[in-house]
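Welcome, and thanks for taking a look at this one with us. Below is a short tour of helix packing, enclosed spaces and a couple of backbone details.

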Amino acid sequence: MATDLNAAREFLTDNGISGWLTRDYRYTNPIFFAALGYQPNNLTRPVWLWIPAQDEPRLLTHDVDAKRFERDDIGITVYSNRDAMVSSLKSSLPDHGKIAMDYSPLYELPRVARVDAGSVELVRSFGLEVVSSGDVSQYATERWDAAQLASHRYAMTELVNIMHESFNFIGENVRWALTEHDVAEFIRGRYDRAGLHTSEGPVVAFNANSSDPHYEPTIESSSIIRRDGWLLIDSWAKPTSIDPFAEGEAASTSEPVYADITWVAKIGSDPTPDQVEVFDSVRRGRDAAFDFLRTRHRNGETTRGWQLDRVARNSITNDGYGDYFVHRLGHSVGPEVHSNAVNLDDWETHDTRQLIPGICVTMEPGIYLPKFGVRLEMDVYVDENDIETTGEIQHQIHQIQT
C-alpha cells in the first residue's frame with residue numbers, strides 16, 4: 001500500500017497535527033515503507049520520512065544508503081554521523097506542536113508501535129508533543145482503491161467456491177484415510193487454479209484440533225478425518241496480480257488484497273445439541289457486531305475497533321461461553337491478511353482507531369471447547385454510505401454426507 005499524501009495532509013490538518021514522522025531501521029517498520037510507497041533494497045542505517053501537514057515530504061537518510069532511494073519523487077537530506085542526523089532531524093521539524101509517530105501509548109496497539117522509546121524521547125527533546133500515528137497511517141495508507149476492492153471480490157468469490165468444493169471433496173474421499181493435510185493440499189491446488197496466492201495456511205482442523213485457533217496441519221502431525229466428526233476450515237488468499245482488476249482505470253501501483261473466511265461443518269451424523277448451541281452463540285455474536293456497525297454507520301456515528309469486539313464478546317459471555325472466546329473479534333485485511341488498519345479488539349489490545357470508509361475487516365468470533373471449536377468469519381467492507389459483507393455468509397452448520 002502506498003501513501004496518499006493529500007489524504008495524509010487532510011487528516012493532519014483536520015486534527016491539528018503538524019506532521020507525521022515515520023522512521024525505519026533495518027526493515028523493522030512496515031508503516032514506513034507503506035508511507036514511502038516502495039521498499040528499497042539493502043538499507044542499513046536509520047532513515048526518517050517527514051510528511052508535514054502543509055508542505056512536501058522529505059527523507060533523511062545516511063549517505064551510505066542515499067543511492068537506494070528514487071530521488072525524483074521526494075526530497076532527500078543526507079547525514080553522515082549521529083550528530084548530523086540529530087541536527088538535520090531537528091531542523092526539519094517545527095519548533096512546537098504535535099508530531100505523529102508510529103508509537104502507541106502504553107503499548108495498546110502493537111501493530112502501530114513500530115518505533116522504540118528512544119526515538120520518541122529524541123523527538124520530545126526538541127520540545128514537540130508526540131501523538132500516535134495510528135489514525136493518520138490508516139487514513140493515508142490502508143484504504144483500498146477500486147482495483148483493490150475488485151481484487152478482493154474476486155478472491156472472495158473463489159474462496160467461497162473452494163470451500164464448497166472442499167466439503168464435497170471430503171465427502172467423496174473420507175473413506176480413504178483422508179487427512180487434514182490432504183485437504184489443505186487440495187485447497188492450495190485450487191488456489192493455484194484460481195490465480196490466488198498465500199504464504200501460509202489454510203487451517204483444516206478435525207474434532208479437537210478445531211479448538212486451536214491457529215492450528216495448521218503438517219504431514220507429520222495431521223489427523224485422519226473420520227466418517228463422523230467436526231471440521232473447521234479457515235481459508236485466506238489474494239490474487240497474484242493487481243493487473244486484471246486495474247483495467248479501465250488509472251494505472252494502479254497498489255497490491256492485490258486478501259479475502260479471509262472460516263466455516264465449520266459436521267461430517268456424517270447430525271450435529272449434536274452442544275455443537276448447535278455453540279454454533280448459534282458464535283453466529284449471534286458475529287451478527288450482533290455487524291448490526292451494531294451497520295446501524296451506527298448509517299446514522300453517521302463513529303465506531304471504533306474496541307466497541308465491536310465488546311458487542312460480540314458481551315453476546316457470547318451472556319450465553320455462558322465468554323471464557324472460551326480467547327482472541328479478538330477481527331483484524332483488518334489488505335495486502336497482508338492481517339493488515340495495519342484497525343483491528344476489532346478490546347481483548348488482546350484496546351483498539352481506539354475508527355472504522356473508516358475504504359477499509360475491510362474480518363468479524364470472526366470463536367468458542368473453543370476442549371472437544372471442538374467454532375469460528376465463523378466473514379469480511380466486512382466499509383464504504384461512504386454503508387457496510388457490506390463481501391461473500392457468502394454461513395448461517396447454519398454445513399452437513400457433509402458420507
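Let us begin with helix H6 (residues 146-173) and helix H7 (residues 180-194), which pack with their axes 10 Å apart at an angle of about 145°. Please keep in mind that this is a predicted model. The crossing of H6 and H7 is right-handed. On the H6 side, the contact is built from Tyr154, Glu158, Leu159, Ile162, Glu165, Ser166, Phe169 and Ile170. H7 answers with Asp182, Val183, Phe186, Ile187, Arg190, Tyr191 and Ala194. Sorted by class, the contact of H6 with H7 has 10 nonpolar residues, 1 polar residue and 4 charged residues.

**Two further helix pairs**

Next come helix H9 (residues 273-298) and helix H10 (residues 305-318), whose axes lie 8 Å apart and which pack at an angle of about 145°. The crossing of H9 and H10 is right-handed. From H9, the residues in contact are Ser281, Val282, Arg284, Gly285, Ala288, Ala289, Phe292, Leu293 and Arg296. Their partners on H10 are Gln307, Leu308, Val311, Ala312, Ser315 and Ile316. The contact of H9 with H10 holds 9 nonpolar, 4 polar and 2 charged residues.

The remaining pair brings together helix H1 (residues 5-14) and helix H5 (residues 134-141), with axes that come within 8 Å and cross at roughly 150°. That angle makes H1 roughly antiparallel to H5. The crossing of H1 and H5 is right-handed. H1 contributes Ala7, Ala8, Glu10, Phe11 and Leu12 to the contact, while H5 brings Asp135, Val136, Tyr139 and Ala140. In the contact of H1 with H5 there are 7 nonpolar and 2 charged residues, and no polar ones.

Here are the three contacts side by side, by residue class:

| Helix pair | Nonpolar | Polar | Charged |
|---|---|---|---|
| H6 with H7 | 10 residues | 1 residue | 4 residues |
| H9 with H10 | 9 residues | 4 residues | 2 residues |
| H1 with H5 | 7 residues | no residues | 2 residues |

**Cavities**

How many cavities of 30 Å³ or more does the count give? The count comes to 2.

The largest cavity has a volume of about 70 Å³. Around this cavity you will find Leu21, Trp48, Leu49, Trp50, Arg58, Leu59, Leu60, Thr77, Leu89, Ser92 and Leu93. Strand E2 (47-52), strand E3 (58-62) and helix H3 (82-92) each supply at least two residues of the lining of the largest cavity. By class, that lining divides into 8 nonpolar, 2 polar and 1 charged.

The second largest cavity has a volume of about 50 Å³. It is lined by 13 residues, of which Trp263, Glu377, Met378, Glu392 and Ile393 are the closest to its centre. Strand E10 (259-267) and strand E15 (378-382) each give at least two residues to the lining of the second largest cavity. E10 provides the largest share of this lining, 3 residues. The lining of the second largest cavity divides into 6 nonpolar, 3 polar and 4 charged residues.

**The largest pocket**

Now for an open space: the largest pocket has a volume of about 450 Å³. Which of the 20 residues that line the largest pocket are the closest to its centre? They are Pro213, His214, Asp234, His331 and His338. The lining of the largest pocket is made up of 6 nonpolar, 5 polar and 9 charged residues.

**Backbone details**

Two spots in the backbone round off the tour. The peptide bond from Gly201 to Pro202 is cis, with omega near 5°. Pro202 sits in the loop between strand E7 (196-197) and strand E8 (203-206). The other spot is Tyr27, which is not a glycine and yet has a positive phi of about 65°. You can find Tyr27 in the loop between strand E1 (19-24) and helix H2 (30-36).

Definitions and conventions. Residues numbered from 1 in each chain as written. Predicted model: local features only at pLDDT ≥ 70, side-chain atom pairs only at ≥ 80, totals over all residues. Heavy atoms only, no water. Axes fitted to C-alpha atoms, helices over the stretch in contact; angles between N-to-C directions. Helix = DSSP H or I, 4+ residues; strand = E, 2+ residues; numbered from the N terminus. Parallel < 35°, antiparallel > 145°, perpendicular 65-115°, else oblique. Left-handed = near helix turned anticlockwise from the far one by under 90°. Contact = heavy atoms within 4.5 Å. Nonpolar A, V, L, I, M, F, W, Y, C, P; charged D, E, K, R; others polar. 1 Å grid on protein atoms, 1.4 Å probe; cavity = no way out; pocket = protein on both sides within 12 Å on 5 of 7 lines; lining within 4 Å. Points joined across faces, edges and corners; volume = space filled by probe spheres on them.
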